[in-house]
Structure formats: C-alpha cells, structure tokens
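Subject: Structure handover and what was found in it

Dear colleague,

I am passing on the structure we spoke of, and below it you will find what came out of going through it. Please read the notes with the coordinates open beside you.

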Amino acid sequence: MREIVLDTETTGLDPLRGDRLVEIGCVEIFNRMPTGQTFHRYINPERDMPQEAFAVHGLSAEFLSTKPLFAEVVDEFLEFIAEAPLVIHNASFDIGFINAELGKIARPPIPRDRLVDTLLLARRKHPGVSNRLDDLCSRYAIDNSRRTKHGALLDAELLAEVYIDLIGARQSQLILAEAAPSRSNRPGDAPRRQRETPLAARVTDADRIAHREFVATLGDKPIWNEYFGEA
C-alpha cells in the first residue's frame with residue numbers, strides 16, 4: 001500500500017487570519033517502508049514573515065520571495081500525493097493550510113478521510129505523556145540531531161520513521177526476517193520440514209510387475225539409449 005508522509009511550514013498558526021504556507025515536504029512509503037521518493041518545495045507566501053515563525057523554521061521573507069507561488073507547484077504536488085492516504089502529525093493543522101491554499105486558486109479541498117493523524121495514534125498508544133515529534137523520536141531511538149530548526153522535508157522523513165514504529169510495522173518486519181529460513185545458492189542448505197508420518201507408497205506390487213513386463217518388451221537396446229548413452 002502506498003502512503004505519503006507529509007509536513008508543512010507556515011507563517012503562523014491560522015490560515016483564516018492571513019497566515020500562509022511556505023514549505024511542503026512529502027515522503028513516499030510503500031508497504032510501510034520508505035521508497036526514497038520525495039517531494040519538497042519552498043513557497044512564496046506573498047507576505048512578511050513574523051519573527052515567531054522565523055524562529056521556528058528560519059525561512060525569511062527575503063529567501064522565500066524568489067520561490068514559486070503555491071499555484072505554480074500545486075499540479076506537481078497533487079500528482080505526487082495522488083490518491084494515497086496522507087500521514088501527518090497533527091493533521092488538522094497542515095491540511096487546514098493546504099486546503100486554504102487550494103481554496104484560493106479554486107481547487108477542491110483534500111478530504112479529511114484520507115488523513116492518518118500520527119498525533120492521535122501516539123496519544124492512544126502513549127497516553128498521559130508528551131507526543132511531540134521530538135519526543136517520539138527519543139522514545140523510538142530515532143536520530144533527530146539534524147533537527148535544529150523545523151523543516152518540512154526533514155520532519156516528514158523523521159515522521160515516516162516514527163510512523164513505522166508507532167504502528168508496529170518495524171517489529172513485524174523483524175519477526176518475519178528472523179522467522180524466514182536462510183537461503184543459499186547450494187541446493188539442500190535450506191532447512192526443510194519433515195512429515196511426522198511418511199506418506200504411504202501409492203505404487204502397488206501389481207504396478208511393479210506390470211512395469212517390469214513392459215520394460216522386457218523393449219529388447220536389449222531401448223530407444224532412450226540413443227539420447228543418454230548405454231548405462
């Protein structure tokens with residue numbers, strides 16, 4: 001199954017008050033394993049960058065002023081995510097901004113039934129504790145030392161690793177790997193299961209007698225000797 005792990009960065013907390021999308025990062029996973037395929041774009045928000053938001057992700061208005069508008073990357077973005085489920089940490093925040101940007105250019109919103117919210121999954125699995133992305137990385141021993149600032153692609157990559165652990169997919173893969181027999185290029189090296197009670201022979205004595213009588217009719221030089229040589 002194909003899934004897309006997604007993260008965004010913004011100018012603030014509320015698209016209804018004029019905050020805009022400034023970065024999208026996506027990581028493709030297939031059958032709960034990252035494929036290496038990603039989508040990453042910086043976006044010109046066409047507005048200033050509040051100091052509070054700059055402190056979080058370090059993206060300045062000057063840097064973003066040379067980047068494409070959302071309308072210029074939307075087709076590529078929608079093509080990448082296609083119809084796959086979207087795995088997002090605190091999904092209502094990110095999808096709120098994406099749908100606000102889609103609405104500005106008269107595109108249909110992404111339905112919320114496509115969302116897999118890892119924050120909700122984490123709260124169910126680890127109730128009563130903090131479940132921020134950094135906390136989950138520490139809990140699952142995932143190296144997040146590069147995360148000195150928030151970044152959409154880096155956070156999506158970390159979240160993909162967290163998600164695999166959060167749903168127990170990595171443990172399942174390890175169990176399957178340990179249970180699978182080792183393979184070798186030499187025949188007979190792989191362990192084989194043995195029946196507790198061997199199957200009874202299906203060839204009767206009458207069958208054996210009939211076979212010997214048939215072979216006797218072939219004479220001293222049966223035709224197969226021409227292909228395989230005489231024994």
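Asn31 has its place in the loop between β2 and β3 (33–42), and although Asn31 is not a glycine, its phi is positive, at about 55°. Please bear in mind that this is a predicted model, as that applies to this backbone angle and to everything that follows. With a relative accessibility of 47%, Asn31 counts as partly exposed, because that value falls between the limits of 20% and 50%. A positive phi in a residue other than glycine also turns up at Ala106, where the angle is near 60°. Ala106 lies in the loop between α4 and β5 (115–117), and at 70% relative accessibility Ala106 counts as exposed, since the limit for that class is over 50%.

The largest pocket holds about 590 Å³ of space. Its lining consists of 24 residues, of which Glu9, Val56, Phe93, Arg147 and His150 are the closest to the centre of the pocket. Several elements contribute to this lining, with at least two residues supplied by each of β1 (2–10), α1 (51–57), α4 (91–104), α6 (133–139) and α7 (152–166). Sorted by class, the lining is made up of eight nonpolar, eight polar and eight charged residues.

The annotations are worth setting beside this pocket. In an unreviewed entry, UniProt lists His150 under "active site", and for "binding site" the UniProt record, again unreviewed, lists Asp7, Glu9, Glu52, His57 and Asp155. Of these binding-site residues, Asp7, Glu9, Glu52, His57 and Asp155 are included in the lining of the largest pocket.

His150 is found in the loop between α6 and α7 and is partly exposed, with a relative accessible area of 35%. Leaving aside residues up to four places away in sequence, His150 touches Glu9, Val56, His57 and Asp155.

What, then, does Asp155 touch beyond its neighbours in sequence? Asp155, which is found in helix α7, is in contact with Asp7, Glu9, Leu133, Arg147 and His150, not counting residues up to four places away. The relative accessible area of Asp155 is 3%, and Asp155 is therefore classed as buried, the limit being under 20%.

Asp7 lies in strand β1 and is likewise buried, with a relative accessible area of 13%. Apart from residues up to four places away in sequence, Asp7 touches Glu23, Ile24, Gly25, Asp94, Gly151, Ala152, Asp155 and Ala156.

One further residue that I would ask you to look at is Arg20, which is found in the loop between β1 and β2 (21–30). Is Arg20 buried or exposed? With a relative accessible area of 16%, Arg20 counts as buried, because the value is under 20%. The side chain of Arg20 reaches the backbone oxygen of Pro45 at 3.3 Å. Pro45 is also one of the residues that Arg20 touches, together with Thr10, Thr11, Glu46, Arg47, Phe97, Glu101 and Lys104, again not counting residues up to four places away in sequence.

With kind regards

Note on methods:
Residues numbered from 1 in each chain as written. Predicted model: local features only at pLDDT ≥ 70, side-chain atom pairs only at ≥ 80, totals over all residues. Heavy atoms only, no water. 1 Å grid on protein atoms, 1.4 Å probe; cavity = no way out; pocket = protein on both sides within 12 Å on 5 of 7 lines; lining within 4 Å. Points joined across faces, edges and corners; volume = space filled by probe spheres on them. Helix = DSSP H or I, 4+ residues; strand = E, 2+ residues; numbered from the N terminus. Nonpolar A, V, L, I, M, F, W, Y, C, P; charged D, E, K, R; others polar. Buried < 20%, exposed > 50% of the residue type's maximum accessible area, 1.4 Å probe, protein only. Polar contact = N/O pair within 3.5 Å; in protein donor to acceptor, adjacent residues only side chain to side chain. Contact = heavy atoms within 4.5 Å. UniProt positions renumbered as here; feature names shortened; annotations may be inferred.
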